[in-house]
Amino acid sequence: ILLLGSLSAALIALQWSGPTFSEESLKGMRVLVTGASTGIGEQLAYLYARMGAQIVITARREHVLKEVVKKCLDLGAQKALYIAADMAETADADRVVEFAEEQLKGLDYIVLNHIGPSPYAMWDGDVDHIRWLMQVNFHSYVKMAVKALPALEKTNGSIMVVSSLLGKMCSPFALPYTATKFALNGFFGSLQHELAMKHSNVTVTVCTLGLIDTESAMEKIKGYIDMPAYPAHEAAYQIIKAGALRQSETFYPWYTFYYTLFRDWFPYYRDLVIRNSFIYQP
Ligand code: NDP
């Protein structure tokens, strides 16, 4: 316990001694946010808007995006535009990045955040759904990152990848989703090494989130698990801050960091705790 306490204190001290975040630094920055019609993506758009950034947002539903753009302009965005796109369509990832680069005349940040709908239930063996979800939640992220890299290289830009504790720990009831998040962590974690070894100007921030109170997440877990959900706007702020500070990883809420840290220490008890935290009658 003493050792863990000292370790935590050292980690907290390390965080405090790092550079400080200034919202002012995001004024005029050119940002692309995906999955911004609802949930955390919508909150990301509003926070960037309040900080005076220039934003392009995307998702499938045009009428919702239009409303979010209107609110962004009211909140103080220097520029706010939308492009409707479906990340299940392979050409749309490139189309969105091209649009953002053209409209904003360059890019400073891209925040990859969208996810396709996926059932929260025991896996039914649907391999086609996994393939489809991989396209939406993983392949489109890779495509957008690759497309945006040359523009981000010119601006010392950053890619933020919104991942999950389920990208680091296995869990029942969300097998296809978990697979896509592990894929993201594997790809973007490895890309971080390659960019650093090539002395690239671009940084990648992988964001590990726990349960956040978005409408879709609350709807999914109902009847399966009873645990506190944290506010979407705070998760969004944490993502923006970590990206601006060029951190390689960020964790929100706090417990996700410790879950990840101690994940492999006591595998038997970890798995017992995971299985017993769900309500399930076979
Ligand atoms: P939401 O379900 O609220 O939002 C998903 C967004 O993705 C929407 O804007 C949706 O808009 C868009 N989207 C869905 N399908 C497609 C598609 N085919 N093409 C393009 N856009 C699409 O998700 P959250 O805000 O809850 O989650 C955001 C991120 O945070 C995700 O990466 C998620 O994995 C991560 N996260 C969330 C947690 C939580 O508890 N909420 C926990 C851990 C991680 P539209 O329908 O208009 O296309």
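T58 lies in strand β2, which covers residues 54-59. In this predicted model, T58 has a relative accessibility of 1% and therefore counts as buried, the cut-off being under 20%. The side chain of T58 comes to 2.7 Å from the backbone oxygen of I83. Apart from its neighbours within four places in sequence, T58 is in contact with several residues, including L32, V33, T34, L65, I83 and V96.

Strand β2 belongs to an open sheet of seven strands, ordered β3-β2-β1-β4-β5-β6-β7, with parallel pairing. The edges are taken by β3 (79-84) and β7 (249-252); each has a single partner strand, so one side of each has no neighbour in the sheet. From one strand to the next, the twist averages 15°. In general, the strands of a sheet pair through backbone hydrogen bonds, in either a parallel or an antiparallel manner.

At the β7 edge, strand β6 (residues 203-209) pairs with β7 in the parallel sense over four bridges. Opposite T250 in β7 stands C207.

Helices α2 and α5 each pack on the sheet. The table lists the strands they touch and their directions.

| Helix | Residues | Strands touched | Angle between directions |
|---|---|---|---|
| α2 | 39-50 | β1 (30-34), β2, β4 (109-112), β5 (158-164), β6 | about 165° with β1 |
| α5 | 127-155 | β1, β4, β5 | about 165° with β4 |

Strand β2, which holds T58, is thus among the strands touched by helix α2.

How values were computed: Residues are numbered from 1 along each chain as its sequence is written. This is a predicted model: local features need pLDDT of at least 70, side-chain atom pairs count only at pLDDT 80 or more; totals for chains, interfaces and linings use all residues. Side-chain values use heavy atoms; hydrogens and water are left out. Helices (H or I, at least four residues) and strands (E, at least two) are DSSP runs, numbered from the N terminus. Buried means under 20% relative accessible area, exposed over 50%, partly exposed in between (1.4 Å probe, protein chains only). A polar contact is a pair of N or O atoms within 3.5 Å; within protein, one must be able to donate a hydrogen and the other to accept it, and residues adjacent in sequence count only if both atoms are side-chain atoms. Contact means heavy atoms within 4.5 Å. Two strands pair if DSSP finds at least two bridges between them. Axes are lines fitted to C-alpha atoms, for helices over the stretch in contact, and angles run from 0 to 180 degrees between N-to-C directions.
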